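Visitor: I would like a close look at a single part of this protein, set against the chain as a whole. Could you take me through it with some care?

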Amino acid sequence: MAFLQDGEHLFVVDLTYITSQETVDQLVPSHMAFIERGYASGQFLASGAKVPRTGGVIIARGKSVSDIEALITGDPFHMAGVAKYRITQFDPSNVAAALK
């Protein structure tokens with residue numbers, strides 16, 4: 001796949017807030033700086049809030065689950081303990097033409 005390099009996989013990072021929305025909102029600016037760094041490094045391909053806003057989703061690329069886990073430790077949401085994370089690795093067998 002054109003957007004994956006040798007040995008890379010895709011990951012769905014599913015965040016669920018475990019504290020009040022007020023606490024989460026205080027950390028949004030620093031979380032967004034973390035997200036911007038993920039795009040700048042090429043590791044993040046898509047991201048956004050869940051609807052309703054109970055957390056968020058990040059589509060990331062990397063070599064292993066442990067690489068993504070290490071990356072997530074830099075998220076201010078993770079550092080402050082306001083979200084729990086579920087990471088799912090997948091290897092796409094089909095993609096939209098725009099991604100080929």
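Guide: The model is a predicted one, and its protein chain holds three helices and four strands, which follow one another along the sequence in the pattern β-α-β-β-α-α-β. Along the principal axes, the C-alpha trace of the protein chain spans about 40 × 25 × 20 Å, and the radius of gyration of 14 Å agrees with the value near 13 Å that a compact globule of 100 residues would have. Among the contacts with a separation of 6 or more in the protein chain, 73% are between residues 24 or more positions apart, and of the 100 residues 36% count as buried.

The part to look at closely is Lys50, which sits in the loop between strand E2 (44-49) and strand E3 (55-62). From this loop, the side chain of Lys50 reaches the backbone oxygen of Leu15 at a distance of 3.1 Å. Leaving aside residues up to four places away in sequence, Lys50 touches Asp14, Leu15 and Thr16, and also Gly55, Gly56 and Val57.

For another place in the chain, one may turn to Ala40, which belongs to helix H1 (residues 21-40). Ala40 counts as exposed because its relative accessibility is 71%, where the cut-off for exposed is over 50%. Between Ala40 and Asn94 there are 26 Å in space, C-alpha to C-alpha, and the two are 54 residues apart in sequence.

As for the surface, the protein chain exposes about 5,800 Å², with carbon and sulfur atoms supplying 56% of that area, while the mean positions of its 8 positive and 10 negative charges lie 4 Å apart.

Conventions
Residues are numbered from 1 along each chain as its sequence is written. This is a predicted model: local features need pLDDT of at least 70, side-chain atom pairs count only at pLDDT 80 or more; totals for chains, interfaces and linings use all residues. Side-chain values use heavy atoms; hydrogens and water are left out. Helices (H or I, at least four residues) and strands (E, at least two) are DSSP runs, numbered from the N terminus. A polar contact is a pair of N or O atoms within 3.5 Å; within protein, one must be able to donate a hydrogen and the other to accept it, and residues adjacent in sequence count only if both atoms are side-chain atoms. Contact means heavy atoms within 4.5 Å. Buried means under 20% relative accessible area, exposed over 50%, partly exposed in between (1.4 Å probe, protein chains only). The radius of gyration is taken over C-alpha atoms; the globule rule is 2.2 Å times the number of residues to the power 0.38. Accessible areas come from the Shrake-Rupley method with a 1.4 Å probe; for residues, only the protein chains shown count as cover. Lys and Arg count as positive and Asp and Glu as negative; His and the chain ends are not counted. The place of a charge is taken as NZ of Lys, CZ of Arg, CG of Asp or CD of Glu.
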